[in-house]
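Reader: I am new to this structure and would like a close look at a single part of it, set in its surroundings. Please take it slowly and explain each term as it comes up.

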Amino acid sequence: MIEEEAARRVRALMNKNGLRRWKLGIEDNRFDLGRTSLSKREIRLSREFIALNDWDEVYKTAIHEMAHAKVNNPAESHGEDWRQAAIALGDPDPEDGVWDDKPGFNSPLTSKDIDDDPVLMMRMMLHDMENKVGYMQAEGTVYF
Ligand SMILES: [Zn+2]
């Protein structure tokens, strides 16, 4: 979908759900669909992911990241509090994987896949760590 349209809709979702003061960034990122920095109070979505997917997918990813923001607990990651937050935000079946079977993002993913694959395990640890301490700056970030 069109990046500006995705950003407009996600921004509205964030505002409606008490995240008006959180930043929304769209960044060049071919690995993560989205990322959240609790320390920077910032949600970022992948430009490539948005370009290759429709609103249903972007919506689910926005909810995934917004749930991290709402729980706002570095120790929590994708636990029960996160899951309940995602459900409350509007995704009845939240996915805990960072990666998914999305066009342009070719890793499948369930918690079991991640447990069985050391590379995926490392990526998940990085995702969790970024949620805790803030991620490295990515290229091409535009804020909305
Ligand atoms: Zn996550």
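Author: Two residues are said to be in contact, or to touch, if their C-beta atoms, placed from the backbone, lie within 7 Å. This is a predicted model, in which local features need pLDDT of at least 70 and side-chain atom pairs count only at pLDDT 80 or more, while totals for chains, interfaces and linings use all residues. Residues are numbered from 1 along each chain as its sequence is written.

With residues up to four places away in sequence left out, Met66 touches Leu13, Met14, Asn17, Leu19, Ile43 and Leu89. Met66 and Ala67 touch the most other members of the largest nonpolar core, which has 23 residues; such a core is a set of buried Ala, Val, Leu, Ile, Met, Phe, Trp, Tyr and Cys residues joined through C-beta atoms within 7 Å. Two or more residues of this core come from each of helix H1 (3–16), strand S1 (23–27), strand S3 (42–46), helix H2 (47–52), helix H3 (55–71) and helix H4 (80–89), where helices (H or I, at least four residues) and strands (E, at least two) are DSSP runs numbered from the N terminus. H3 gives the largest share, seven residues.

Met14, one of the contacts of Met66, leads to H1, in which Ala6, Val10 and Met14 are buried; a residue is buried if 20 or more other C-beta atoms lie within 10 Å of its own, exposed if 12 or fewer, and partly exposed in between, with C-beta atoms placed from the backbone. These three lie on the same side of H1 because they cover an arc of only 65° around the axis, the arc being that of the directions from the helix axis to the C-beta atoms. The face of H1 turned away from that buried side carries the exposed residues Glu4, Glu5, Ala12 and Lys16, whereas the cover over the buried residues includes S1, S3, H2 and H3.

Ile43, another contact of Met66, belongs to S3, where it is the bridge partner of Thr36. Four bridges join S2 to S3, and these two strands run antiparallel, whereas S1 and S3 run parallel and are joined by five bridges; strands count as paired if DSSP finds at least two bridges between them. The open sheet has four strands in the order S2-S3-S1-S6, with mixed pairing, and its edge strands, S2 (34–37) and S6, each pair on one side only.
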